[in-house]
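Me: Could you take a close look at a single part of this model, and then follow it outwards to the rest of the chain? I would like one connected account, with the cut-offs behind each term made clear.

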Amino acid sequence: MRLLLLSGTGGAGTSTIAQATALQAVADGARVQLVDLGNVREASVARASAAQWLSALAADILILRDAEPVLPEELAILPGIDEFLALAAITECATDQEIDFAVVDVGSLGQLARLLMTIDTLDLFASALMTPAMAVVRDDVDAPLSQLRAELERIRECLQSSDTAIRLVCLPDDRGIPELQTATLIASLYGVAVDLVYVNQVPREKDDWPKSWAASRRRQARAIVESASTIPTRILPLREQQGDAVVTRLRVVKKNRPVWSEHAERQSEGIESTETGFSWSIPVHVPTRGDLRIGRTDDRVIIEIDGVARVRELPSVLRRCVITRAVATPTNLMIELVPDPDVWRSNG
């Protein structure tokens with residue numbers, strides 16, 4: 001089962017390319033499901049049910065903090081409900097045995113970022129509630145929270161699978177490079193591969209109307225291709241937008257086969273022993289402008305690159321270690337650790 005998520009800058013043609021990619025797969029004989037997250041997020045019945053359940057948990061939190069009594073229906077809908085429903089729908093498609101290929105039109109790059117960040121946010125929310133104090137207040141909390149965490153883990157495994165990839169779409173303009181770099185950083189930081197970047201509506205060499213504008217767009221497209229570094233790119237000409245957009249886009253996609261069956265190249269995380277301790281390697285696409293910060297809280301490490309942060313659970317072998325250094329390359333983050341002398345006994 002191949003799962004492909006497409007996202008892009010506003011007006012870049014993400015929906016058109018998603019439709020064309022799905023049509024290409026159908027033409028090749030695949031059983032295809034095309035998902036528009038804009039429609040998924042409008043599933044009002046499921047949304048209301050999920051909102052009521054999480055709001056009930058939020059009400060219990062307020063009680064634990066000695067707040068005034070509050071009913072679940074008095075709370076506003078919690079952030080993350082729409083994203084959670086969308087992720088659940090994506091996972092259902094990816095596990096459907098009657099589908100060979102699922103194409104998801106995620107929408108904007110901002111929506112993509114919210115989707116990826118929602119998993120960890122809700123997981124931290126659930127783990128924070130699974131405390132003895134909460135068990136005293138509500139003896140029926142552990143089961144639904146465990147169910148929520150299990151569902152989040154299922155979603156995480158789906159997105160981080162080698163059969164899942166993200167494709168980004170942009171226009172050849174000034175926004176292209178920074179927005180793409182941030183989206184690629186977020187995707188890699190959350191363990192999802194970006195296997196292709198479409199640069200859409202690029203004037204061809206013979207398109208000189210007006211000449212200076214066409215030359216500028218081509219120059220910006222080349223800059224985006226160079227900034228993509230190790231990620232493959234596809235240039236889609238401007239004139240292909242004329243006529244039936246989906247059919248003409250399909251024609252362009254066919255010229256760049258294979259566009260749906262190929263799998264993204266993935267680097268895996270790894271922990272290696274060093275002379276002084278351990279080295280933890282995490283595949284991350286780091287922007288050239290990115291500032292790196294590493295923090296630690298209990299058994300979690302906080303990674304912040306260029307203002308984008310993620311909290312990661314430390315692998316068990318590293319939990320009794322101290323972070324000494326972190327180094328970022330364009331495609332990798334290396335964290336060096338040494339055993340904590342306060343918890344490791346010395347042989348001396």
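**Aspartate 298 and beyond**

Reply: Aspartate 298 is exposed, with a relative accessible area of 63%; by the cut-offs used here, exposed means over 50% relative accessible area, buried under 20%, and partly exposed in between, with a 1.4 Å probe and protein chains only. This is a predicted model, in which local features need pLDDT of at least 70, side-chain atom pairs count only at pLDDT 80 or more, and totals for chains, interfaces and linings use all residues. Residues are numbered from 1 along each chain as its sequence is written, and side-chain values use heavy atoms, with hydrogens and water left out.

Aspartate 298 lies in the loop between strand S9 (292–297) and strand S10 (300–305), where strands (E, at least two residues) and helices (H or I, at least four) are DSSP runs numbered from the N terminus. The phi of aspartate 298 is positive, at about 55°, although the residue is not a glycine. Most residues other than glycine have a negative phi. Glutamine 201 also has a positive phi, near 60°, and is likewise a residue other than glycine, but its setting is a strand, S5 (residues 194–202), and at 18% relative accessibility glutamine 201 counts as buried.

From the loop that holds aspartate 298, the chain runs on into strand S10, and arginine 300 belongs to that strand. Arginine 300 is partly exposed, with a relative accessible area of 25%. Leaving out residues up to four places away in sequence, arginine 300 touches Leu124, Ser127, Gly295, Val311, Arg312, Glu313 and Leu314, a contact being heavy atoms within 4.5 Å. The C-alpha atom of arginine 300 is separated by 8.4 Å from that of arginine 319, which is 19 residues away along the chain.

Strand S8 (residues 278–283) has the highest mean pLDDT among the elements of the chain, 94, and helix H10 (residues 245–255) the lowest, 48; pLDDT is the predictor's confidence in each residue, from 0 to 100. Over residues 240–250 the pLDDT is below 50, and this stretch has 23 contacts in the model beyond near neighbours in sequence. Strand S8 contains serine 279, a buried residue with a relative accessible area of 11%. Apart from residues up to four places away in sequence, serine 279 touches Gly270, Ile271, Glu272, Thr274, Met334 and Ile335.

Towards strand S5, alanine 193 sits in the loop between H8 and S5 and is buried, with a relative accessible area of 12%. Its C-alpha atom and that of isoleucine 231, 38 residues away along the chain, are separated by 9.8 Å.

The axes of helix H8 (residues 176–189) and helix H9 (residues 211–227) come within 9 Å and cross at roughly 25°; axes are lines fitted to C-alpha atoms, for helices over the stretch in contact, and angles run from 0 to 180 degrees between N-to-C directions. That makes H8 roughly parallel to H9, since angles under 35 degrees count as roughly parallel, over 145 as roughly antiparallel, 65 to 115 as roughly perpendicular and the rest as oblique. The crossing of H8 and H9 is right-handed, the near helix being turned clockwise from the far one by less than a right angle, whereas an anticlockwise turn would be left-handed. On the H8 side the contact is made by Gly176, Ile177, Leu180 and Gln181, and on the H9 side by Ala223, Ile224 and Ser227.

Further towards the N terminus, isoleucine 17 lies in helix H1 (residues 14–27) and, at 0% relative accessibility, counts as buried. Isoleucine 17 and valine 169 are 152 residues apart in sequence and 8.5 Å apart in space, C-alpha to C-alpha.

For the chain as a whole, the secondary structure comes to 10 helices and 13 strands, and buried residues make up 45% of the 348 residues. Of the contacts between residues at least 6 apart in sequence, 72% join residues at least 24 apart. The mean pLDDT of the chain is 79, with 73% of its residues reaching 70 or more.
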